[in-house]
Amino acid sequence: MSKRMMMAAAIGLSLLAVPAFATGNHAGGHGDMGAGKPGKAAKASRTVKISMKETDDGKMVYEPSQIVAKKGETIRIVVTNTGETDHEFVLDEMAKNAEHKALMEKFPEMEHDDPNAIRLAPGKSGEIVWTFTKAGDFEFACLIPGHYESGMHGPVKVSG
Ligand SMILES: [Cu+2]
């Protein structure tokens, strides 16, 4: 199968998966998720440190603002909230983040208990160990209402 066809198949599957999120809970499945699956720290080839914060000119940002990975790679992502308000880091397919974001707008107090997401109070750090099982374009984002629009999203490029 060509790379292009595989990409089309992957997009088709992700669209099929979207209705499960529309029911109001996002328990999701375990095992392979949008951008891959939870990994083991011992298998991580490297650590990526990302900070989340507000800027003086009213934006909200991640630094660095993107992740580049290879298919099959396990990365330990250490996230620190250096800002003054809560932020989150949700690693997923862009379509799933968009769905999830719409839900957060309806239910701002929605609790997360997903291995691909972490919410941090100011000054706190946490980590996600992730295995990128699929090549493609994914995204990390903060889905707290208003934050995505203020700049809190960044691309994750996984090469095959
Ligand atoms: Cu945020």
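## Exercises on two sheets, a helix and a core

Strands β1 and β8 pair in the antiparallel sense over two bridges, where two strands count as paired if DSSP finds at least two bridges between them, and where strands (E, at least two residues) and helices (H or I, at least four) are DSSP runs numbered from the N terminus. The model is predicted, so local features need pLDDT of at least 70 and side-chain atom pairs count only at pLDDT 80 or more, whereas totals for chains, interfaces and linings use all residues. Residues are numbered from 1 along each chain as its sequence is written.

**Exercise 1. Place β1 and β8 in their sheet, and state which strands stand at the edges.**

Step one is the order: five strands form an open sheet, β1-β8-β5-β2-β3, with mixed pairing. Step two concerns the edges, which are β1 (37-38) and β3 (60-63); each has a single partner strand, so one side of each is left without a neighbour in the sheet. Step three follows β8 (residues 125-131) to β5 (residues 74-81), with which β8 pairs in the antiparallel sense over seven bridges. Step four names residues: the bridge partner of P38 in β8 is W130, and I75 also stands opposite W130, while T74 has T131 of β8 as its bridge partner.

**Exercise 2. Describe the sheet that contains β4 and β10, beginning with its strand order.**

First, this open sheet of five strands has the order β4-β10-β9-β6-β7, and its pairing is mixed. Its edge strands are β4 (67-70) and β7 (117-120), each of which pairs on one side only. Neighbouring strands are turned by 20° against each other on average, direction ignored, with axes fitted as lines to C-alpha atoms (for helices over the stretch in contact) and angles running from 0 to 180 degrees between N-to-C directions. Next, β4 and β10 (residues 153-159) run parallel and are joined by four bridges; A69 has V158 as its bridge partner in β10, and K70 stands opposite S159. Finally, β9 and β10 pair in the antiparallel sense over six bridges, and the bridge partner of E139 in β10 is P155.

**Exercise 3. Work out how α2 lies on this sheet and which of its residues are buried.**

Begin with the position: helix α2 (residues 94-106) lies across β6 (87-92) and β9 (136-141), running at about 140° to β6. The buried residues of α2 (those with 20 or more other C-beta atoms within 10 Å of their own, against 12 or fewer for exposed ones and a number in between for partly exposed ones, with C-beta atoms placed from the backbone) include K96, N97, E99, H100 and M104. Seen down the helix axis, the buried residues fall within an arc of 160° (taken from the directions from the axis to the C-beta atoms), so they line one face of α2. These buried residues pack against β6 and β9, whereas the face turned away from them carries the exposed residues A102 and K106.

**Exercise 4. Find the residues with the most contacts inside the largest nonpolar core.**

A nonpolar core is a set of buried Ala, Val, Leu, Ile, Met, Phe, Trp, Tyr and Cys residues joined through C-beta atoms within 7 Å. The largest one has 29 residues, and those with the most contacts inside it are F89, L91, F140, C142 and V156. At least two residues of this core come from each of β3, β4, β5, β6, β7, β8, β9 and β10. To finish, take F140: leaving aside its neighbours within four places in sequence, F140 is in contact (C-beta atoms, placed from the backbone, within 7 Å) with Y62, I67, F89, V90, L91, G154 and V156.

Definitions and conventions
Contact = placed C-beta atoms within 7 Å.
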